[in-house]
2 protein chains.
Amino acid sequence: MASLLLDHVLQYITLTTEEQAYFMSLLKRRTLKKRQFLVQAGEPSKYDSFVIRGCLRATYTRPDGQEYIVQFAIEGWWIGDVDSFLTGEPATYNVEALEDCELLQLDYPSLEELFKVVPQFERYFRLIFQRSFVHLQRRVLAGLSQTAEERYLEFARQYPEILRRVPQYHVAAYLGITPEFLSQLRQRLSTRKS
Amino acid sequence: MASLLLDHVLQYITLTTEEQAYFMSLLKRRTLKKRQFLVQAGEPSKYDSFVIRGCLRATYTRPDGQEYIVQFAIEGWWIGDVDSFLTGEPATYNVEALEDCELLQLDYPSLEELFKVVPQFERYFRLIFQRSFVHLQRRVLAGLSQTAEERYLEFARQYPEILRRVPQYHVAAYLGITPEFLSQLRQRLSTRKS
DNA sequence: CGTCTATTTGAATGTACTCAAAAGCGGTGG
DNA sequence: CCACCGCTTTTGAGTACATTCAAATAGACG
C-alpha cells in the first residue's frame with residue numbers, strides 16, 4: 001500500500017486532502033530485486049527512500065573489504081545515504097536490497113519544493129530525525145557499555161522481525177562482531193537456557 | 001556573547017530583526033559552576049541548552065557505577081537529554097559542567113510557541129538534527145570498524161580543542177576504553193613516532 | 001608542603017578475532 | 001528424486017586487543 005507512508009506522516013502532522021495528494025504526487029515508486037543496489041558508495045545518492053515492502057541494509061566497506069552494517073530498513077523505515085542526499089557529495093555507504101523491495105522515493109528538489117508548499121513537512125522530518133538521533137545515541141552507548149552478548153540480546157528483543165528475515169552474518173556485521181563469534185554466542189546462550 | 005547562538009541560527013535560516021528579538025526573548029541565561037549538574041538522570045529535563053562558554057559532558061551511568069560519555073559540548077553546541085526534553089520522561093543521562101559554563105536555555109513550551117510564531121525554526125532544528133544524525137552514524141561506524149587506537153587518533157584530529165580541555169579519563173569514557181589502556185596507547189604512539 | 005585526583009606501569013585474565021576446516025542447508029540440473 | 005554446488009553456520013586452536021586489579025608516580029590546588 002502506498003498509504004503506509006501517508007499513515008506514517010499523519011502520525012506526526014495533520015494535512016488537508018490536497019496536501020496529501022500533492023505529497024503523494026512528488027513520490028516515485030521503485031522496485032528492487034534482491035541484491036540490487038539502491039545507493040552505490042562513491043556516487044551521489046539522489047533519493048531518500050521509504051520502504052513499502054522488503055528489507056535493505058546500508059553498509060560501509062573498508063578499504064580492506066571488511067563490511068559493516070550501519071542500518072537495516074524494513075517496511076515503514078526511511079533509508080538512504082543522508083549525507084550524500086543532502087550535500088550532493090558522493091555516498092559513503094552502499095544500500096542494497098536483501099529481499100525484493102518496493103520503495104517510495106523523494107528527490108532533493110522535490111523535497112525542497114515540498115517544504116515550500118507544505119511547511120508542515122519541515123516538522124515531520126524534524127521529528128523523524130529527532131527520533132533517529134535518540135535512537136542512534138542509544139546505539140552508540142550500547143557499543144560503549146555492552147558486551148557483544150548483551151548487544152545481541154538487545155537486538156533480538158528490539159528487532160525480532162529483522163532477526164528472522166536476514167542471515168546471521170548480517171546481524172554480526174550490524175553488531176560489529178565476526179559471524180564465527182556470533183555463532184559461538186548463540187551456542188552458549190542456548191545451552192545456558194536449557 | 002549571546003550572539004554566538006544567533007549567528008549559529010542565521011547560518012541555517014533567515015530571520016527578520018523582530019523574529020530575532022522574539023527568539024532571544026524566549027531564552028533564559030544560565031550559568032553553571034564546574035561540577036554542577038545541568039540534568040540529573042531520573043528527573044525530567046525541562047531545557048535544551050546552547051553553550052555560550054564552557055564545556056560539559058552527557059553521561060550514562062550503569063547500575064554498577066561505570067560511566068560512559070555520550071556527548072561532549074563546548075561553545076556553539078546544543079546539549080541536553082533530548083528524549084527527556086521532548087517526552088517529559090525522566091532523563092537517562094546526566095549532564096555535568098566540566099568547566100564554569102554559560103548557557104542559553106529553551107524550555108519545551110517556549111520551543112513549541114517558537115515553532116508556531118516563527119515556523120522557520122522547524123527548519124533550523126531539522127537541519128541541526130540531520131547533521132547530528134550523520135555525525136552519530138559515523139560514530140557508530142567508528143565503534144564497529146575501528147580499534148581503540150584509530151578511534152583515539154580520529155578523536156584527536158576531529159576535536160583537538162576538547163582533547164586539550166578535558167582530563168584524559170573522560171576521553172577514555174567517550175571512546176569506550178579504560179583510562180589505563182588509553183594511557184598505554186598514548187605511550188605506544190609517542191614512542192612510535194620518535 | 002600535603003592531600004587529593006589523575007596518569008602511568010605491569011602482571012594476569014578475558015573477550016573477541018583470525019584462520020582453517022567441517023557440517024548444514026537450499027536450490028538446481030541430471 | 002537424488003547428487004552436487006554454493007553459500008551460511010558451526011567448531012576449534014592459537015592469537016591479539018583490551019580489561020582488571022594493584023601499586024607507583026605525577027600534577028593540581030588549597
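The following paragraphs lead through a predicted model, from the single chain to the pairing of chains A and B and then to DNA strand C.

Chain A is built from nine helices and eight strands. Its C-alpha trace spans about 60 × 35 × 30 Å along the principal axes. The radius of gyration of chain A is 18 Å, which agrees with the value near 16 Å that a compact globule of 194 residues would have. Of the 194 residues in chain A, 36% are buried. Among the contacts in chain A with a separation of 6 or more, 72% join residues that lie 24 or more positions apart.

The interior may be considered next. In soluble globular proteins, nonpolar side chains tend to be buried together. Here the largest nonpolar core holds 98 residues, and the members that touch the most others are A:L56, A:V70, B:L56 and B:V70. The surroundings of A:L56 can be listed: leaving aside residues up to four places away in sequence, A:L56 touches A:L38, A:V51, A:A73, A:I79, A:V95, A:E96, A:A97, A:L98 and A:C101.

The relation between the two protein chains comes next. A turn of 180° with a shift of 0.0 Å along the axis lays chain A on chain B with an RMSD of 0.0 Å. The two copies are therefore related as by a two-fold rotation axis. Within chain A, the C-alpha nearest this axis belongs to A:R126, at 2.1 Å from it. Both copies use the same surface, since 100% of the contact residues of chain A recur in chain B.

That contact draws 27 residues from chain A and 27 residues from chain B. On the side of chain A that touches chain B, β5 (67-73), α3 (82-87) and α5 (120-145) each supply at least two residues. The most come from α5(A), which gives 17 residues to this side. By class, the side of chain A that touches chain B comprises 14 nonpolar, seven polar and six charged residues.

The last element is the surface near DNA strand C. This strand is surrounded by 16 residues, the closest being A:T147, A:F181, B:Q168, B:Y169 and B:S183. At least two residues of this surface come from each of α6 (148-158) and α9 (179-193) of chain A, and from each of α8 (168-175) and α9 (179-193) of chain B. With six residues, α9(B) gives the most to the surface near DNA strand C. Sorted by class, the surface near DNA strand C has six nonpolar, six polar and four charged residues.

Note on methods. Residues numbered from 1 in each chain as written. Chains lettered and ligands numbered in written order. Predicted model: local features only at pLDDT ≥ 70, side-chain atom pairs only at ≥ 80, totals over all residues. Contact = placed C-beta atoms within 7 Å. Helix = DSSP H or I, 4+ residues; strand = E, 2+ residues; numbered from the N terminus. Nonpolar A, V, L, I, M, F, W, Y, C, P; charged D, E, K, R; others polar. Near = placed C-beta within 6 Å. Rg over C-alpha atoms; globule rule 2.2 N^0.38 Å. Buried ≥ 20, exposed ≤ 12 C-beta atoms within 10 Å, placed from the backbone. Core = buried A, V, L, I, M, F, W, Y, C linked by C-beta atoms within 7 Å. Least-squares fit on C-alpha atoms with pLDDT ≥ 70 in both.
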